[in-house]
Amino acid sequence: MSASIPALTAPRERPGSRISLVPLLIIAGSLVAYAIAALVTGQMAQLSLDGLIGVLQRTVALGIVALGQTLVILVRSIDLSVAPLVSVGAVMASWIMQGDPARMIGACLFVLALSACVGVLNGVIITRLMVNPLIATLGVGLVLQGILSASFANFAGSVPEEFQVFAYGTVGPLTFSIILMFALAVLAWLMLGHTRLGAHIYATGGNQEGARLAGIKTGRVTVIVHVLCSVAAGLTGLYLASRLRAGAPWVGRDGVYDLESIAAVVIGGTVLAGGRGGVWGTIAGVILFGCLDAIFTMSGVNAYIKQVLRGAIVVAAVAAYAYRTKGQVA
Amino acid sequence: MTFPGVVALDDVSFSCEAGEVHALCGENGAGKSTLMKILGGVYQSDAGQILVEGQEVRFTHPLAARQHGISIIHQELSLLPDRSVAENIYLGREIARFGMLDHAAMNAGAERWLQRFGCRFGAGRLAGTLSIAEQQIVEIAKALNFDARILVMDEPTAALDDAEAERLLEFVRQLRAEGVAIVFISHRLRQVFAAADTVTVLKDGKLIATSRKSETTPDEIVRQMVGRELKDYYPAREGNGESAASALSIRDGGNDAIKDINLDLATGEIVAVAGLEGSAKGALARAIFGAQPLTRGTLQIRGTAVSIQTPRDAIRHGIGYVSDDRKGEGLALQQSVLENALLAARGIEPLFASTRSRRIRELRIDGALQNVEVRAASYGQPVGLLSGGNQQKTVLARWLALRPPILVCVEPTRGIDVAAKAAIYHLLRRYADEGRAVLVVTSDLPEAIGIADRLIVMREGRIVGEFPAGAAEEDIAALAAGHAAAPVE
Amino acid sequence: MSVSAASVTRFDPLRLLRRIHPAYFALVVLLGIVTIYNPSFLTPTGIMNFLRRAAPLCIVSIGEMFVLVSGGFDLSLGSLITLTVMGSALMINNDPGLTWGAIAAVYAIGMASGLFNGLVVSYLKVPSIIVTLGALLSLKGIALAWSGGSPQGYLPDNFRQFGRMTLTDIPVLQVLPVAVIVLVIAVALCAWVFHGTTFGRLVLITGDNPRAAEVAGARVRGIRIVAFIISALSAVTAGILLGGFAGPAQDVGDGYELQAIAANVLGGTQLLGGRGSVAGVVAGALTLTALFMVLNFMGLPKPLRDAVQGAILVIAVAYSVRRRKWG
């Protein structure tokens, strides 16, 4: 009977120096590909600061969701309810606001509170009912999407101009939203590396039984990360409402937030088995997707072909990482 | 304490003093694990009390036990492979100032523990990169970091070879000198007698005896555990008089782990392979079986050169393999005993052959399971419900039914109680006597000496010597260690 | 701890009842409710029509079962169905002579899709969730790109007969839809493969402990690939039936893989592998179909039916986890 914990394939760097090279390489590679595409298609404007900011701008929505997904995957769980939740957030925000600036704060609080509740629901189903996280979040997502689509067929309500500052307002060359995404990334990084909760998150994902025996309340940790992930999805919904001026029930699905957030996390070096990884890899993954999207747009690719390629690229990008996995994968 | 349908512990009284090492012995299912889990707060007892330093306590959660100074080190280590040693030692007890972790303090604290134990690795190493022996030390440090005054260890030496086990027992003695009370569960009686002051034997949930070491002998303990005299623990060797033929032969074999391997196995013999941690003896077995194939040299089976690159090749050439990791590599725990016994046979059948093809029926797997005395309510039961000994016997039945001419076993009796061990030794002997070759890789030197016709010693990936049956243990151990008391770290 | 050799000598009705999977009970109850709404349901014609409706889901669910039992997930089946229907319509374009060629072509596409999924999971070690989610996107994208975004082409009768045609004047059954014949053949074939061949046993073991399967000499990678091919072929078959019912539409296959997974869970298939049965899956699929019929009668709009399916998925898995703990 094996009494050892699974060994890694090669000795790794000291945890103290957790700034690994891989995210930087991914970002560098993406930017290079982006530059080449711009040169090839003659769209030099894309190479300007404005162009790059534009690319970053387009990564914000996925980025915030992916940060939440990182936390969930670190505890060896997964969240497939993020796409419908983004839609719910967007629709609820614009529907409650109805273009009235006085209602902005209230609507935002409501959306975030609702998202937190969904996170609690996900967490409880997984930890108390012991349902496989894939099924639990898939099911909750289906319920959310169903109720939303049944209640709203189209864009609902509208957001006041003041709220659009969220998406379009700038501080110097950067937009609020980009700053927000990086601020959230820094907060997440600090939390993971330097707080008890962070240590407990890694423990729950790395060896749940061992964590439990050490006295860590793994159930509570799981629920907390699911709440954080759902709130991130709700926040993205608010952002999209701000960008699009109103929310519609399909914005989540259109953005493919479920698959792409998982892919960004995996590409960034966080393993689906949990216990290892971090936020900067995810940000790199998100930037990769942003650059890819921009490259497609620059090349004038047909929207359907774009979809075909998106699917293929996600798989290829994950494969580039995964093929070194020893042992079986199902 | 009662589980559905089973009384696990019945009126067991047990005590241990500060500075005492108390060993707990018994067959699988005797109740040792249950007693330990009650002590550790994982289960709550139905009746009786737990007194710590004279005061009655009641534990509802492992953490409560820990807070009273009781720390359990389970057989399945609970370390986090991707976190540093320091992070593991302080798991659940992180040092934080104003909500932020104080990595410097934790690293310093961890270094202090490591120095105390004379470890050669630093607090920043990732736990997954350490050897099992090193991981065990980190586990002990983690337990002590929780101010454990009572340390309970479940089979601490099961996965260690003799030299590492001795090191561990050194720590145990050190802790005893510091006043820690230590309870350990072990099947390896020589270590029990090397380290323990007192020995308690449980059988079928009841207390049989508690004796001071000086008042008892290993044979007496075995008798108490099994309930009868265990004669012929190791089967007698009888040459069957026929001339042996070469079954397997390796010349200049090697891969990343092993080099310059020259090995001959003949029919009718059991050959044991012994060696310390780092000897790569397991790698030799895996090379023969194709799980970690040879990249250099030739391998011949019955005189014909063959290439074995995968387990499938090996099985087709008539080599069977009993892994040391029966749960990870040997069994599909949710499938029935019968299906598990048929596994190797199915593995090489054509994909769309019927499940009840003639080949399968001719194996008479039911009979094989009965021969091996697998005890289960029915063979349709999931094999995961069986005891470790019966699970191992199922794996053996799988091969005994197929009758491959060569059988390779790695740690075949690890974690199995005494009676089951004896049964397995007899099965292997009979198998060899029927004209087949058996290779047994084991860390248990007495076991190797007890069953083998020849004993091969490996060190650092090479075969360094061979002993005939009846060789002295000290000589073998010295050769394995390289004639010097090399610290194994 | 060793279990003594005891046998159940007393006949214990409660225990027997508990061993029958709840899907069968649910099925009976739901069929009862359907009959209340539609009294002509319990006639041979009514039952045959029900089976015809349920056939595509049954077939896809059985295909999905092979992948689930092997320890993976196949989320691309819905898109493959859509591609099958749209592709057939485009290839045949109302020329009945091309029907059989088109059918061969879509089976080839399905085979390629299953092979691709299997190869990527087995050799590139990408988790099946990700590969098949990616395939879900890509296959749908191919269908949309090929058709230009809206259903084109036309399916002639000799294609639609599989879904639509019904043989009449059959003794006892009165009517026998061709779809039901296809269903019976598919179920029989898969039941034989899963319960009666070595392959079926090895799929179970692959899902339970792939390492043990490997060490026992099984070709685990090949087994996974075959499982994905079976699921893809089942999706193509279901697509042909669905194309017969409804004609080309770009959302014809949407959500089918989730329904298939729900049917599997209801039928006792264990997620992440190791346990499953064809009969259970068929019962689960029939139950789900009956449930949707009831919801339809109740006037629930489609999005809410999806919501109900999500809830069922969660409840069914939670229940099966509980059940395993007792059993």
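**Exercise 1.** In this predicted model, determine which residues of β6(B) are buried on each of the two faces of the strand.

*Solution.* Begin with one side of β6(B), where I70(B) and I72(B) are buried. Turn next to the other side, where S71(B) and I73(B) are buried as well. Both faces of β6(B) are therefore covered, given that a residue counts as buried if 20 or more other C-beta atoms lie within 10 Å of its own.

**Exercise 2.** State in which sense β6(B) and β9(B) pair, and identify the bridge partner of I70(B) in β9(B).

*Solution.* The pairing of β6(B) with β9(B) is parallel and extends over four bridges. Within β9(B), I150(B) is the bridge partner of I70(B).

**Exercise 3.** Compare the expected span of helix α5 (residues 132-145) of chain B with the distance between its end C-alpha atoms.

*Solution.* The helix has 14 residues, and at 1.5 Å a residue it should span 20 Å. The expected span is 1.5 Å times one less than the number of residues. The end C-alpha atoms of α5(B) are 20 Å apart, which agrees with the expectation. After the helix comes D147(B), with a positive phi near 60°.

**Exercise 4.** Establish how many residues of α5(B) are buried, and which elements of chain B they pack against.

*Solution.* Of the 14 residues of α5(B), 12 are buried, and the helix is thus mostly covered. Among them are the nonpolar-to-charged neighbours I137(B), V138(B) and E139(B), as well as K142(B) and N145(B). The buried residues pack against two strands, β6 (70-73) and β9 (150-154), and against the helices α3 (85-89), α4 (103-116) and α6 (162-177) of chain B.

**Exercise 5.** Decide whether the radius of gyration of chain B agrees or disagrees with that of a compact globule.

*Solution.* For 489 residues, a compact globule would have a radius of gyration near 23 Å. Chain B has 24 Å, which agrees. The C-alpha trace spans about 70 × 50 × 50 Å along its principal axes. Buried residues make up 49% of chain B, and its secondary structure consists of 19 helices and 22 strands. Of the contacts in chain B with a separation of 6 or more, 70% are between residues 24 or more positions apart.

**Exercise 6.** Describe the side of chain B that touches chain C: how many residues are in contact, and which helix gives the most?

*Solution.* Contacts link 35 residues of chain B with 26 residues of chain C. On the chain B side, α10 (311-316), α11 (326-330) and α13 (343-347) each supply at least two residues. The most come from α13(B), with four residues. By class, this side of chain B has 17 nonpolar, 12 polar and six charged residues.

Terms used:
Residues numbered from 1 in each chain as written. Chains lettered and ligands numbered in written order. Predicted model: local features only at pLDDT ≥ 70, side-chain atom pairs only at ≥ 80, totals over all residues. Contact = placed C-beta atoms within 7 Å. Rg over C-alpha atoms; globule rule 2.2 N^0.38 Å. Pairing = 2+ DSSP bridges.
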